[in-house]
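Let's walk through this structure together, starting with the overall picture and then stopping at a few residues. Keep the 3D view open as you read.

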Amino acid sequence: MSASPVYLDAATAAPLHPVARQALLAALDDGWADPGKLYTQARRARQLLDAARAAAAETLGVRPDELSFTPSGTAAAHAAVLGGLAGRRRVGRRLVHSAIEHSAVLHAAERHVADGGDATSVPVDRLGGLDVDVWAAAVRAPGVALAALIAASHEVGTLQPVAEAAAACADAGVPLYVDAAQAVGRVPVPDGWSVLSASAHKWGGPAGVGLLVVRKGTRWESPYPADERESGRTPGALNLPAVVAAAASLRAVAADAAAEAARLSPLVDLIRSRVAAEVPDVEVVGDPEHRLPHLVTFSCLYVDGEALLHALDRRGFAVSSGSSCTSSTLRPSHVLEAMGVLSHGNVRISLHRETSAADVERFLDELPGIVAALRAEAGVVGL
């Protein structure tokens, strides 16, 4: 009998949390009406929406009126960037961002540049950490409207120096947007930011729910046509049952975050050490210490990333390869390129609440043979 499949791609989408499933099913009965109307069913829906907003805001340590729900984490990122720039257009049209932002942020930056704006990309070191000195100089330049920094790399797990970056932004009078998609529900996000986004299916909520937080006093203007919902920050009707499930599961995962980090971090350390020791010509990338507790990435020479992904899938392991969110393009990861590390045969492993030590041991036992077989097929032997 074949072994059960092992899902190791929580950084793309974590399995639905049991609390999310419970809340979703309950809200399907009570949360289908338009919360903007006045009749009984609508008032019940409004109660659910208000409670979800209050719960999510409390978990993030913000005011409920600062938090809006969006149709996805990508929509939240686009609104954060374009809205932050629109709100400060009188100051200037320059966006400062790290070289390793998520593609959603980079695509928003491309749109801004195409519309006549400017963007400055700040480099990272070989471990994937932001160059704070270059960042500080970049945000001090004339005409900077907004700065954008990912809280933790979605591809290699390196935690970014958000507090230092925020201090530099404060000194320059520039608002900071933080993409916290991989951090929320996993690790605390340092203070000092003005705008933040997150994505529910990264923490075990349902797909199709994002969070956009705009702190009081921040100049932000919706990039969308006028809409009265969600304080005018995002258009259209919300998927209210999914929003309720997202908020309930966020509270649950945040309560367990420290314990989960303590459980998963040693498993990531085990992957880092055994892959480096047991697979020849491999580079384990990202900061070994200042990192997310559940994510590790490595690259194998002489192996095609897509071929490795398929070979692992045939053995029951679901992993990411290459650049997340752009893997179908078969282009090297912009994050790995910015770090100056090996991008061939790239594998990202991201663990979750259902990952067991036995799952990780099985992956590590089978990986060297899988890589060796692929290299032999390619005619690379004697390593």
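The mean pLDDT of the protein is 94, and 97% of its residues reach 70 or more; pLDDT is the predictor's confidence in each residue, on a scale from 0 to 100. This is a predicted model, in which local features need pLDDT of at least 70 and side-chain atom pairs count only at pLDDT 80 or more, while totals for chains, interfaces and linings use all residues. Residues are numbered from 1 along each chain as its sequence is written, and side-chain values use heavy atoms, with hydrogens and water left out.

One stretch calls for care. Over residues 323-327, pLDDT stays under 50, and the model has 11 contacts for them beyond four places in sequence; a contact here means heavy atoms within 4.5 Å. Where pLDDT is low, the predicted coordinates should not be read in detail.

Now for the overall build. The protein has 10 helices and 13 strands, which are DSSP runs numbered from the N terminus (H or I and at least four residues for helices, E and at least two for strands). Its radius of gyration is 21 Å, close to the 21 Å that the globule rule gives for 383 residues, so the protein is as compact as a globular protein of that length. That radius is taken over C-alpha atoms, and the rule is 2.2 Å times the number of residues to the power 0.38. Along the principal axes, the C-alpha atoms fill a box of roughly 70 × 55 × 35 Å.

How much of the protein is buried? Buried residues make up 53% of the 383 residues, where buried means under 20% relative accessible area, exposed over 50%, and partly exposed in between (1.4 Å probe, protein chains only). Of the contacts with a separation of 6 or more, 72% are accounted for by residues 24 or more positions apart. Turning to the surface, the protein exposes about 16,400 Å², and carbon and sulfur atoms supply 53% of it; accessible areas come from the Shrake-Rupley method with a 1.4 Å probe, and for residues only the protein chains shown count as cover. The side chains include 34 positive and 42 negative ones, and the centres of the two sets lie 7 Å apart. For that count, Lys and Arg are positive and Asp and Glu negative, with His and the chain ends not counted, and each charge is placed at NZ of Lys, CZ of Arg, CG of Asp or CD of Glu.

Let's move along helix α7, which spans residues 240-278. Ala-245 has its place in this helix and counts as buried, at 0% relative accessibility. Leaving aside neighbours within four places in sequence, Ala-245 is in contact with Ala-20, Ala-23, Leu-24 and Pro-206. Arg-263 also sits in α7, but is partly exposed, with a relative accessible area of 31%. Beyond four places in sequence, Arg-263 touches His-352, Arg-353, Glu-354, Thr-355 and Ser-356. From Arg-263 to His-294, 31 residues apart in sequence, the C-alpha distance is 9.2 Å.

Just past this helix, Asp-281 lies in the loop between α7 and β9 (282-285). Its phi is near 50°, a positive value in a residue other than glycine, and Asp-281 is partly exposed at 35% relative accessibility. Tyr-302, in the loop between β10 (295-300) and α8 (305-314), also has a positive phi, near 65°. With a relative accessible area of 40%, Tyr-302 is partly exposed.

Our last stop is helix α3 (residues 73-87), where Ala-75 is found. Ala-75 is buried, with a relative accessible area of 17%. Not counting residues up to four places away in sequence, Ala-75 touches Thr-70 and Tyr-224.
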